[in-house]
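Subject: Structure for you, with notes on side-chain contacts

Hello,

Here is the structure I said I would pass on. My notes on its side-chain contacts follow below it.

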Amino acid sequence: MKIRLISFYTEGVPFDKGKNYQKKVKFFLRRTNNFFDSVNIFSPRILIKKDKKWKKIFKDQEPKMLKLSKKNKFRWNKKWSKLNFFEWKPNLIDFFFKKELKSQNEILVYHDFDTGKYPEYLSNLESLKKWTEEKMENYDILLINDSKKNLTTDCKKELLDKYLLKNYENYHHIWGGLIVLRKTEISKQFIKEWKKLTSEFNNRSQFTKYQNYKDFVWHSCDQACLGIIYYLWKKKKPKKFKKIRCVNLYNSRNIHLKKSRVIIYFLKKIFDFFK
């Protein structure tokens, strides 16, 4: 069973409007090449060379957001807006899934790139293949949740009301930094729906009229849309939903959980309950 890793980085001006990570690419590849059947890391420039449609996917939305922010006060990230609020992520995963995965049951792992900001990513990547083999047995999709955070923390109220309608206050957060997919029809459909939802600007942009809604911090773009699709499947497609596994990292981005962290987490939950 082949397990193939993909990631994404930016090169900065003049190639794109992100931060320059070019010097870290070789380090990333050196630390991962021996652990996967293949490693592919993409930038806007690489993708635009493959297909001009990517220019639209990387459209700078900062001018539009500046206009919107004059009408309403809400938190938004200028760096994210310059990369079109991560519309690229479901598109990249969809592209690789369709074009590069050759055989049924081949596994695609997407992992975020910034090992400088998050050093724990390195330990993740070096043992991720074995971890994936263990966690993906009998599953088509593997996602990461964080039961410390609710979906309402990073998904704006407009999107929650439109798609989930009610009872979403107790839904946990889904992290978009690590996504694992087996090449099956179920995974193909899941990516298609996530990509479609994220393609609508109002769904992925951080504009909201409800900045002060409960524990809301700010909208997490593609990640928020991923959470919406996950819960839509849970409600409307229970048979297919059984092929999705959600792993709790207990407010961490590290797949190597220490038992002490889990124990402390549950003790805190008990303490909060009786407060």
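R31 has a relative accessibility of 28%, so R31 counts as partly exposed. Please keep in mind that this is a predicted model. R31 makes a salt bridge with E126, and the closest N and O atoms of the two are 2.4 Å apart. The pair joins distant parts of the chain, with R31 in helix α1 (residues 22-32) and E126 in helix α7 (residues 120-135), 95 residues apart. E126 is also partly exposed, since its relative accessibility is 30%.

In total, the structure holds 16 salt bridges. As general background, side chains of opposite charge can pair when their charged atoms come close.

A second salt bridge is local: K157 pairs with D161, with 2.7 Å between the closest N and O atoms. Both residues sit in helix α8 (residues 157-163), and because they are 4 residues apart there, about one helical turn separates them. D161 is partly exposed, at 28% relative accessibility. K157 has another contact as well: K157 lies over the face of Y210, 5.1 Å from the ring centre. A similar entry on my list is K183, whose charged end sits over the ring of F97 at 5.0 Å from its centre.

E169 and K214 form a further salt bridge, in which the closest N and O atoms are 3.6 Å apart. This pair, too, links distant parts of the chain: E169 lies in the loop between α8 and β5 (172-182) and K214 in the loop between α10 and α11, 45 residues apart. The two ends are classed as follows: E169 is partly exposed at 28% relative accessibility, while K214 is exposed, with a relative accessible area of 56%. There is also a network of salt bridges that links K89, D112 and D222.

Now the aromatic side chains. The structure holds 20 aromatic pairs. One of them is W80 with W218: the ring centres are 4.9 Å apart and the planes are at 45°, so this pair is tilted. W80 is in helix α5 (residues 78-82) and W218 in the loop between α10 (201-204) and α11 (222-236); the pair links distant parts of the chain, 138 residues apart. W80 counts as partly exposed because its relative accessibility is 21%, and the cut-off for buried is under 20%. Both tryptophans belong to one aromatic cluster, formed by F8, W54, F58, W80, F86, W88, Y110 and W218.

Regards

Conventions: Residues numbered from 1 in each chain as written. Predicted model: local features only at pLDDT ≥ 70, side-chain atom pairs only at ≥ 80, totals over all residues. Heavy atoms only, no water. Phe/Tyr/Trp six-rings, centres within 6.5 Å; stacked < 30°, edge-to-face > 60°. Helix = DSSP H or I, 4+ residues; strand = E, 2+ residues; numbered from the N terminus. Buried < 20%, exposed > 50% of the residue type's maximum accessible area, 1.4 Å probe, protein only. Lys NZ or Arg CZ within 6 Å of the ring centre and 35° of its normal. Salt bridge = Lys/Arg side-chain N within 4 Å of Asp/Glu carboxyl O.
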